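This report describes one protein chain, going from single residues to the chain as a whole. Please keep the sequence and the structure in view while reading.

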Amino acid sequence: MMCLPLKAGTIIGHVHAEGKAGTDDNNAASAGEYSNRKYEFVQKVDYADMHDFVVFIEGPVATNSMPSTNIVSVTTQRVVQHGAMFTPHILPIMVGTTVEWPNNDDIYHNVFSSSDAKQFDLGLYKGNPEDKRVTFDKTGRVDVFCSIHQNMHCIILVLDNPYYSSTDDDGNYKIPNVPPGIYKLKAWQERLPSDEKEITVTTNGEVRVDFTLGIKNLPQY
């Protein structure tokens, strides 16, 4: 039987990204330059289309050993290799979680990482051998690649506690069963600076926290 906090709140909200002012396609200073043939295939960042945001409570939580109904708190997760891609591209997990890496393609893949938080090399394989598992025992960002196929890349975001959520297709998120308290809530995206807000979670209530990520608050040189 699963034990749940007798008193808990829910964090909900929305995350989106915005570019720096004056850098859109209507900027008169750059519109003519981008019509030049040498820039024809230069792809500009589409901030409105950015996704794969992760929102999480930063740092250890006193009750993080208590089971949560948050589905992402299970002890085994999976990243599938299919079509020479890793799916999902971003996987947030709690420290101590084991990830399996099934290869559903008919060609060989290799799964490896040289990240500080976890270094491993699963070698070349097909299918889903039992020994192709990795337990992430240290928090941090782990970039994972295939040594054969250039575009195969995913990120395992290893977190201190089970109170986190990936955003849906509309940028919304929900973190349930959070014990009452004061926390630092962080919004993360792989190519943008993170944003952090201090929040207070009350008993049996909802706290709404929205984030706008972009290139801001960085030192100017």
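## Histidine 149

Histidine 149 has a relative accessible area of 21%, so this residue counts as partly exposed. The cut-off for buried is under 20%. The model is a predicted one.

Where along the chain is histidine 149 found? It sits in the loop that runs between β11 (140–145) and β12 (153–159). Setting aside neighbours within four places in sequence, histidine 149 has contacts with Ile107, Tyr108 and His109. Tyrosine 108 is 41 residues away from histidine 149 in sequence, yet the C-alpha atoms of the two are 9.8 Å apart in space.

## Alanine 17

Alanine 17 is part of strand β1. Is alanine 17 buried or exposed? Its relative accessibility is 6%, so alanine 17 counts as buried, the cut-off being under 20%.

Apart from neighbours within four places in sequence, the residues in contact with alanine 17 are Tyr47, Met50, Phe53, Leu192 and Leu213. Methionine 50 lies 33 residues from alanine 17 along the chain, and 6.6 Å separates their C-alpha atoms.

## Two nonpolar cores

The largest nonpolar core holds 23 residues. Which of them touch the most other members? They are Ile11, Tyr173 and Leu185. At least two residues of this core come from each of β1 (9–17), β2 (54–57), β14 (172–178), β15 (181–189), β16 (192–201) and β18 (211–213). A second core, separate from this one, has 20 residues, among them Trp101, Val111, Phe120 and Val144.

Isoleucine 11 shows how parts of the chain that are apart in sequence meet. Not counting residues up to four places away in sequence, isoleucine 11 touches Ile57, Tyr173, Lys174, Ile175 and Val178, and also Leu185, Ile199, Val201, Val207 and Val209.

## The largest pocket

The largest pocket contains about 320 Å³ of space. Its lining includes Gln43, Lys44, Val45, Asp46, Asp49, Met50, His51 and Asp52 from one part of the sequence, together with Gln189, Glu190 and Arg191 from another. Met50 thus appears in this lining and is also a contact of alanine 17.

How many residues of each class are in the lining? There are 6 charged, 3 polar and 2 nonpolar residues.

## The second largest pocket

About 190 Å³ of space lies in the second largest pocket. Its lining is made of 12 residues, and Pro88, Ile90, Leu91, Pro92 and Ser166 are the ones nearest its centre. Two elements, β6 (90–94) and β13 (164–166), each give two or more residues to this lining. The largest share, 3 residues, is supplied by β6.

By class, the lining of the second largest pocket consists of 7 nonpolar, 4 polar and 1 charged residues.

## The chain as a whole

The protein chain has 221 residues, and 41% of them count as buried. Its secondary structure comprises 18 strands and 1 helix.

The exposed area of the chain is about 12800 Å², of which carbon and sulfur atoms supply 50%. What share of the contacts between residues at least 6 apart in sequence joins residues at least 24 apart? In this chain the share is 63%. The pair of alanine 17 and methionine 50 is one example of a contact across 33 residues of sequence.

Methods. Residues are numbered from 1 along each chain as its sequence is written. This is a predicted model: local features need pLDDT of at least 70, side-chain atom pairs count only at pLDDT 80 or more; totals for chains, interfaces and linings use all residues. Side-chain values use heavy atoms; hydrogens and water are left out. A nonpolar core is a set of buried Ala, Val, Leu, Ile, Met, Phe, Trp, Tyr and Cys residues joined through side-chain atoms within 4.5 Å. Buried means under 20% relative accessible area, exposed over 50%, partly exposed in between (1.4 Å probe, protein chains only). Helices (H or I, at least four residues) and strands (E, at least two) are DSSP runs, numbered from the N terminus. Contact means heavy atoms within 4.5 Å. On a 1 Å grid over the protein atoms alone, a cavity is a set of points where a 1.4 Å probe fits but cannot get out, and a pocket is an open set with protein on both sides within 12 Å along at least five of seven lines; lining residues have an atom within 4 Å of a point. Grid points are joined across faces, edges and corners, and a volume is the space filled by probe spheres set on the points. Ala, Val, Leu, Ile, Met, Phe, Trp, Tyr, Cys and Pro count as nonpolar, Asp, Glu, Lys and Arg as charged, and the others, Gly among them, as polar. Accessible areas come from the Shrake-Rupley method with a 1.4 Å probe; for residues, only the protein chains shown count as cover.
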